[in-house]
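Let's walk through this model together, one question at a time. Have the coordinates open in your viewer and follow along.

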Amino acid sequence: MFIDIHVHPAFFEPINKDEDQTEFRHNTLDIHRNGTAPLEHIFNQMNCAGLDRLCLLPEDYTTTAGRAVVTNEEIRSLVDMAPDKFIGFASVDPLADHCCEKLEHAFTDLKLKGLKLHPSRQWFYPSDERLKPIYQICEKYNKPILFHSGLSWEPDTLSKYARPIEFEEVACRHPKLRICLAHFGWPWVQETAMLMVKFPNLYADTSFLYFDCAREFYTRVLTQDIPVTWIDRSLRHQVMFGSNNPRFEQIRMAQAIQELGFRESTLELIKGGNAIEFLGGLD
């Protein structure tokens with residue numbers, strides 16, 4: 001099983017019937033050089049990359065952008081179109097009114113598998129007391145949270161909110177809450193590794209490609225900034241493959257992760273085993 005834990009479906013064709021909403025997505029995400037993609041194209045990309053499942057992440061930027069970029073209902077509709085290929089996450093704006101009710105609805109009625117939050121874009125520190133009810137709901141339903149961490153290229157983002165060390169208090173106070181720091185917290189990847197050593201409930205994904213090509217950047221980050229042995233020996237149960245598609249090159253990243261010298265057993269965990277554990281299963 002090969003799972004991409006980090007995919008943004010903002011430009012999937014079935015949810016882009018409204019030209020104004022598509023333009024809003026281009027501007028809000030600052031992604032302009034792509035069109036909308038039919039599901040057949042998405043499935044072909046998956047086949048070329050050897051991927052079995054995509055985890056689809058919405059964004060609710062009500063406070064900072066006025067509305068959601070992709071709604072939870074749109075995620076549900078996409079999952080229903082290909083339940084054997086898509087895994088749906090929810091998003092809420094934790095600073096907006098009725099966010100807790102919205103999250104309860106996403107978990108109980110829409111049956112979404114987890115929560116995506118973006119501190120840099122939604123402008124909150126993870127340890128903000130206003131987030132406590134959100135964390136409690138995720139614990140209540142045994143749902144994980146995937147946080148943006150590290151650099152964000154989206155407009156109006158501040159990296160100070162998403163530096164890995166800012167998640168330490170959450171991981172400490174909520175030991176049963178499964179947390180993923182997306183993008184491995186780049187450029188603070190050793191800070192992320194420190195937290196992973198300390199907190200077994202903390203994961204990271206590989207959705208980073210900020211310079212060079214996929215193989216060169218993965219080689220730099222996952223064999224030099226973080227030695228292969230750190231992952232192969234100590235962090236092998238906490239790293240998940242993610243691409244950040246469509247911003248980054250899904251096919252080349254899927255290939256590159258398999259060429260870094262990890263043991264086969266470690267690679268199988270990164271490709272899917274850890275994601276299944278993080279998600280609490282695929283059912």
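Q: Which residues are exposed on the other side of α11, away from its buried residues?
A: This is a predicted model, in which local features need pLDDT of at least 70 and side-chain atom pairs count only at pLDDT 80 or more, while totals for chains, interfaces and linings use all residues. Residues are numbered from 1 along each chain as its sequence is written, and side-chain values use heavy atoms, with hydrogens and water left out. Buried here means under 20% relative accessible area, exposed over 50%, and partly exposed in between, using a 1.4 Å probe and protein chains only. On the other side of α11, the exposed residues are Arg-233 and Ser-234.

Q: How wide an arc do the buried residues of α11 cover around the axis?
A: Helices (H or I, at least four residues) and strands (E, at least two) are DSSP runs numbered from the N terminus. In α11, residues 228–235, the buried residues are Val-228, Ile-231, Asp-232 and Leu-235. They sit on the same side of the helix because their arc, taken from the directions from the helix axis to the C-beta atoms, is only 135°.

Q: Which elements do the buried residues of α11 pack against?
A: Contact means heavy atoms within 4.5 Å. By that criterion, the buried residues of α11 pack against α9, α10, β11 and α13 (264–279).

Q: What covers the buried residues of α9?
A: The buried residues of α9 are Val-189, Glu-191, Thr-192, Ala-193, Leu-195 and Met-196. Their cover includes α8, β9, β10, α10, α11 and β11.

Q: In what order do the 3 strands of the open sheet run?
A: Strands of a sheet pair through backbone hydrogen bonds, either parallel or antiparallel. Two strands count as paired if DSSP finds at least two bridges between them. Here the pairing is parallel, and the order is β1-β2-β5.

Q: Which are the edge strands, and what is the average twist?
A: An edge strand pairs on one side only, which is the case for β1 (3–7) and β5 (86–88). Axes are lines fitted to C-alpha atoms, for helices over the stretch in contact, and angles run from 0 to 180 degrees between N-to-C directions. From one strand to the next, the twist averages 25°.

Q: Which residue of β2 stands opposite Val-7?
A: β1 and β2 (residues 53–56) pair in the parallel sense over 3 bridges. In β2, the residue opposite Val-7 is Leu-56.

Q: What angle does the direction of α4 make with that of β5?
A: Helix α4, residues 72–81, packs on the sheet and touches β2 and β5. Its direction and that of β5 make about 155°.

Q: Where are the cis peptide bonds before Pro-187 and Pro-246, and what is omega for each?
A: Most residues other than glycine have a negative phi, and most peptide bonds are trans. Pro-187 is in the loop between β9 (179–181) and α9 (189–198), whereas Pro-246 lies in the loop between β11 (239–240) and α12 (250–256). From Trp-186 to Pro-187 the bond is cis with omega near 10°, and from Asn-245 to Pro-246 the cis bond has omega near 15°.

Q: Is Asp-156 buried or exposed?
A: Asp-156 is found in the loop between β8 (145–147) and α8 (168–173). It has a positive phi of about 60° although it is not a glycine. With a relative accessible area of 52%, Asp-156 is exposed.

Q: What is the relative accessible area of Asp-212?
A: Asp-212 has its place in the loop between β10 (202–205) and α10 (214–225). Its phi is positive, near 60°, in a residue other than glycine. Asp-212 is exposed, with a relative accessible area of 59%.

Q: Which residues does Lys-160 touch, not counting residues up to four places away in sequence?
A: Lys-160 lies in the loop between β8 and α8 and is partly exposed, with a relative accessible area of 46%. Beyond those sequence neighbours, Lys-160 touches Tyr-125 and Glu-166.

Q: How many disulfides does the structure hold?
A: A disulfide is a pair of cysteine sulfur atoms within 2.5 Å. The sulfur of Cys-55 is 9.3 Å from the closest cysteine sulfur, in Cys-180, so it is too far for a bond. For Cys-48, the closest is that of Cys-213 at 18 Å, also too far for a bond. The number of disulfides is 0.
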